[in-house]
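Student: Could you take me through the features of this model one by one, giving the general idea behind each before turning to the case itself?

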Amino acid sequence: MYVIESKGGAIACMLLALLFLGTWPALMTLTERRGRLPQHTYLDYTLANLLAAVIIALTLGEIGPSRPNFITQLSQENWQSMMFAMAGGIALSLGTLATQYAWAFVGLSVTEVITASITVVIGTTLNYFLDDKINRAEIIFPGIACFLIAVCFGSAVHKSNASDNKSKLQDFKRLQDFTTSSFLRLETTSSLQTETNPETNGLAKGEAKKGTAAFLIELEKQRAIKVFGKSTIIGLMLTFFAGICISLISPAVSLATNDQWHTLKNGVPKLNVYTAYFYFSVSAFVIALILNIRFLYWPILGLPRSSFKAYLNDWNGRGLSFLAGFLCGFGDGLQFMGGQAAGYAAAGAVQALPLVSTFWGILLFGEYRRSSRKTYILLICMLFMFIVAVAVLTASSGHRK
């Protein structure tokens, strides 16, 4: 199997994982906003995720002089470590499934900020002690503090942006009321008002500019998960649940690969990271398959009923869903490879993925477009603190003997 032996190689893996893990949520969000059912998207995603794990195991898990390799370990008596890896996969499946629905309610950026911060606070702290403190405490805990500060800014960004959107919709409603009353008084005046106003005209043509109230209304009409009139508390509850689940993933994989609790029998080799990731992905796939097939026939949150046949015939957005699964699969694999070499606590640096998600949110979905100056200032502060946090956590990297 291939083993990363240098600190530089571990950091490179973590930074590449950061790019991958920050990009796939944007692709999943894009398919939902285009009207594809989240059950269909997740089934494609989880299949691609499993394929990525198999590819990594059969390539990197087999090459190189280090032993034991992936195939050899499949027949060894290491079921205790296998169970830790599979527990991590279950946490992954539940966490990502919850975030998929939370994105619609509270937005891509805020969901990723909250889940990442919970993961860092819980997961990184657990990993620090599980890894026998190979990471530098004087650096890693200030890094966690930077994440917490970024979370505070992220919450403020969400509140400010929500206020901006509410104001846009209220102004748009007043404009529509004015236009309607004008039409009752004089039809020609109404025609002139509709032609010269970019908000109402854009909505009528389906070409509303990003960041406008007309765009928000148009988005609600075409997206799969309808959110108008529903409480954001649902999204926040899903987000916190997802954060707790995802925070347990890395500690579970650490226990699977390093056997800190000494569950293996004497003489049985510890799981290598590729075998652990394979078991991890298999359990995630099984749980996702069971839950999403159930959601096809008994959907939640007011989604329409579907079927497995309808899923197989739904090719709209399938390419993006597969791409999201591959990016997440290879991103998780790189994160675990880097964590095995430099410490899983330092690998928590990939939880700065809201940096990437926010970039895609602004570029693809027009998040924060036409917002207030206050929102922009808070957004810049949030991104700056995330940059500081990822730099500090990366600097805390140790080297596993």
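**Reading loops, cavities and cores**

Tutor: His 262 lies in the loop between helix 11 and helix 12, where helices are DSSP runs (H or I, at least four residues; strands are E, at least two) numbered from the N terminus. This is a predicted model, in which local features need pLDDT of at least 70 and side-chain atom pairs count only at pLDDT 80 or more, while totals for chains, interfaces and linings use all residues. Residues are numbered from 1 along each chain as its sequence is written, and side-chain values use heavy atoms, with hydrogens and water left out.

Student: What is the phi of His 262, and is the residue buried or exposed?

Tutor: Most residues other than glycine have a negative phi. His 262, although not a glycine, has a positive phi of about 55°, and at 67% relative accessibility it counts as exposed; the cut-offs are under 20% relative accessible area for buried, over 50% for exposed and partly exposed in between, with a 1.4 Å probe and protein chains only. Asp 259, which lies in the loop between helix 11 and helix 12, also has a positive phi, of about 50°, without being a glycine, but Asp 259 counts as buried at 8% relative accessibility.

Student: Why is helix 11 largely enclosed by the rest of the structure?

Tutor: Helix 11 (residues 249-258) is described as largely enclosed because 10 of its 10 residues are buried, including Ile 249, Pro 251, Leu 255 and Asn 258. Asp 259 is the residue that follows helix 11.

Student: How many cavities does a search of the whole structure find, and which residues line the second largest cavity?

Tutor: Rolling a probe the size of a water molecule over the atoms shows where empty space is left. A cavity is a set of points, on a 1 Å grid over the protein atoms alone, where a 1.4 Å probe fits but cannot get out, and lining residues have an atom within 4 Å of a point; points are joined across faces, edges and corners, and a volume is the space filled by probe spheres set on them. The search finds three cavities of 30 Å³ or more, and the second largest holds about 60 Å³. Its lining includes Tyr 42, Tyr 45, Asn 49, Leu 92, Ser 281 and Phe 285, with helix 2 giving the most, five residues. The lining divides into seven nonpolar, five polar and no charged residues, counting Ala, Val, Leu, Ile, Met, Phe, Trp, Tyr, Cys and Pro as nonpolar, Asp, Glu, Lys and Arg as charged, and the others, Gly among them, as polar.

Student: Which residues have the most contacts inside the largest nonpolar core?

Tutor: A nonpolar core is a set of buried Ala, Val, Leu, Ile, Met, Phe, Trp, Tyr and Cys residues joined through side-chain atoms within 4.5 Å. The largest has 30 residues, and those with the most contacts inside it are Trp 24, Met 28, Tyr 45 and Ile 225. Helix 1 gives the most to this core, with seven residues. Leaving aside neighbours within four places in sequence, Met 28 is in contact (heavy atoms within 4.5 Å) with Thr 41, Tyr 42, Tyr 45, Gln 100, Trp 103 and Ala 324.

Student: Where does Asp 332 lie, and what is it in contact with?

Tutor: Asp 332 lies in helix 14 and is buried, with a relative accessible area of 7%. Beyond neighbours within four places in sequence, Asp 332 is in contact with Leu 21, Leu 92, Tyr 277 and Phe 280.

Technical notes: 1 Å grid on protein atoms, 1.4 Å probe; cavity = no way out; pocket = protein on both sides within 12 Å on 5 of 7 lines; lining within 4 Å.
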